[in-house]
Amino acid sequence: MTILALIIALALEQFRPLSNRNLFTLAFVRLANQLERGLNAGEFRNGMGAWLLLVLPLLIVSFVVYLLLCRVNVGFALLWDVAILYLTMGFRQFSHAFSGISKALQAEDLDTARALLADWSGQHTSEMSADEVSRMAIEQGLADSYRYVFGTLFWFVVLAWFAGPAGALLYRSASLLAQKWGRSSGAFGRFSVLILELLDYLPVRLTAASFAIMGNFEDAVYCWRTQAQSWTDYIDGILLSSGAGAIGVRLGDTLHQDHTVKFRPELGVGEAATPDYLASAVGLIWRTAILWIALVLLFSLGSWLGRV
């Protein structure tokens, strides 16, 4: 049922993509804001309490509904899995932006490409060149492919055999709260960051290894081992360095932003990022997604055969 739910959710998301500003995400963020205003006293324990108060009820409801539906009809439980996956795992939430930026750059419409990237990443892009837009789009795409697909998929599969879709809900909630509270809430946000780091530890390394398998293995492993720690966020450093090595492109480096030059470590090997490399990045992400689906299928078949 795990692989079937995954395939249906991915197919549904391709035909009816859900915006990352959908009603469910916005409601979750609003509730997170209310809890932060009400409970943030500047201490670690406040953040832990707020995190548990927000996430645990969601997981309990998801688990209880799944158990009840399993008792009624397995098909209903499958639909519940699909619904949660559809809300939490969004391949098109970043691939759509990728496509728009690529088309704008191919048409030499730099202003449109800058606007699309700014809307996607939330950063200032008005001073960037076409190559800088390409480089940042690849970086954002690699990072988002993990947050929206591979990280969520990993925890869904790990917990699916006894908790239904609770794993996908757990990872997506933890990711949103770390993004919301971890950057500007001081001690209050440390628990959310810690939880996400724990949840990321294994799947981010599996994703990087998958990038290597589906791309240039030697360069991906070399960049991962030698460059990841130079990046400010080590998790993103693992993803970007391995992805850059797998594609054979250079990421990181300087950006013209906020009326100054922003210096960043260089990641990857090979040629400088150009609009042509956007397609290579999309191809790497798709191949990796197919690899993971194939592995889930083999795991599901093995589990089924083991029970026969």
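Buried means under 20% relative accessible area, exposed means over 50%, and partly exposed lies in between. Keep these cut-offs at hand. The model is predicted.

**Exercise 1. Glutamine 229**

Is glutamine 229 buried or exposed? Find its place in the chain.

*Solution.*
- Start with the place. Glutamine 229 is in the loop between helix H10 (217-227) and H11.
- Now take the area. Glutamine 229 has 69% relative accessibility, so it counts as exposed.
- Add a distance. Glutamine 229 and proline 265 are 36 residues apart in sequence. Their C-alpha atoms are 9.9 Å apart in space.

**Exercise 2. Two helices that meet**

At what angle do H7 and H11 pack? Which residues meet there?

*Solution.*
- Locate the helices. H7 covers residues 130-163, and H11 covers residues 234-247.
- Read the geometry. The two pack at an angle of about 115°, and their axes are 9 Å apart.
- Give the hand. The crossing of H7 and H11 is right-handed.
- List the partners. H7 brings Ile138, Glu139, Leu142, Ala143, Tyr146 and Arg147. From H11 come Ile235, Asp236, Leu239, Leu240, Gly243, Ala244 and Ile247.
- Sort these residues. The contact of H7 with H11 holds 9 nonpolar, 1 polar and 3 charged residues.

**Exercise 3. Aromatic rings**

How many aromatic pairs are there? Classify the pair of phenylalanine 154 and tryptophan 155, then the pair of tryptophan 161 and phenylalanine 162.

*Solution.*
- Recall what to look for. A pair of aromatic rings is described by the distance of the centres and the angle of the planes.
- Fix the cut-offs. Ring centres must lie within 6.5 Å, and planes over 60 degrees apart count as edge-to-face.
- Count. The total is 9 aromatic pairs.
- Take phenylalanine 154 and tryptophan 155. Their ring centres are 5.1 Å apart and their planes stand at 90°, so this pair is edge-to-face.
- Check the surroundings. Phenylalanine 154 is buried, at 13% relative accessibility. Tryptophan 155 is buried too, at 17%.
- Take tryptophan 161 and phenylalanine 162. Here the centres are 5.0 Å apart and the planes are at 70°, so this pair is also edge-to-face.
- Check the surroundings again. Tryptophan 161 is exposed, with 70% relative accessibility. Phenylalanine 162 is partly exposed, with 41%.
- Look for a cluster. Phe44, Trp51 and Phe191 form one.
- Finish with a charge over a ring. Arginine 205 lies over the face of tyrosine 201, at 3.9 Å from the ring centre.

**Exercise 4. Three buried residues**

Where do leucine 267, isoleucine 238 and leucine 177 lie? What does each touch beyond four places in sequence?

*Solution.*
- Leucine 267 is in strand S4 (residues 266-268). Its relative accessibility is 0%, so it counts as buried. Its contacts include Gln227, Ser230, Trp231, Leu240 and Ala244. Val249, Arg250 and Leu251 are also among them.
- Leucine 267 and tryptophan 292 are 25 residues apart along the chain. Their C-alpha atoms are separated by 25 Å.
- Isoleucine 238 is in helix H11. This residue is buried, with a relative accessible area of 0%. It touches Val204, Arg205, Ala208, Trp224 and Ala228.
- Isoleucine 238 and alanine 174 are 64 residues apart in sequence. Between their C-alpha atoms the distance is 19 Å.
- Leucine 177 is in helix H8 (residues 166-181). At 0% relative accessibility, it is buried. Its partners are Phe28, Ala32, Trp51, Leu54, Val55, Gly182 and Ser192.
- Leucine 177 and serine 242 are 65 residues apart in sequence, and 26 Å apart from C-alpha to C-alpha.

**Exercise 5. Positive phi**

What is phi of aspartate 253 and of histidine 259? Place both residues in the chain.

*Solution.*
- Begin with the rule. Most residues other than glycine have a negative phi.
- Aspartate 253 has a positive phi of about 70°, although it is not a glycine. Its loop runs between strand S1 (249-252) and strand S2 (255-257). Aspartate 253 is partly exposed, at 29% relative accessible area.
- Histidine 259 has a positive phi near 60°. Its loop lies between S2 and strand S3 (260-262). Histidine 259 is exposed, with a relative accessible area of 76%.

Conventions:
Residues are numbered from 1 along each chain as its sequence is written. This is a predicted model: local features need pLDDT of at least 70, side-chain atom pairs count only at pLDDT 80 or more; totals for chains, interfaces and linings use all residues. Side-chain values use heavy atoms; hydrogens and water are left out. Axes are lines fitted to C-alpha atoms, for helices over the stretch in contact, and angles run from 0 to 180 degrees between N-to-C directions. Helices (H or I, at least four residues) and strands (E, at least two) are DSSP runs, numbered from the N terminus. A crossing is left-handed if the near helix is turned anticlockwise from the far one by less than a right angle, and right-handed if clockwise. Contact means heavy atoms within 4.5 Å. Ala, Val, Leu, Ile, Met, Phe, Trp, Tyr, Cys and Pro count as nonpolar, Asp, Glu, Lys and Arg as charged, and the others, Gly among them, as polar. Rings of Phe, Tyr and Trp (its six-membered ring) pair if their centres lie within 6.5 Å; planes under 30 degrees apart count as stacked, over 60 as edge-to-face and the rest as tilted. Buried means under 20% relative accessible area, exposed over 50%, partly exposed in between (1.4 Å probe, protein chains only). A charge sits over a ring if NZ of Lys or CZ of Arg is within 6 Å of the ring centre and within 35 degrees of the ring normal.
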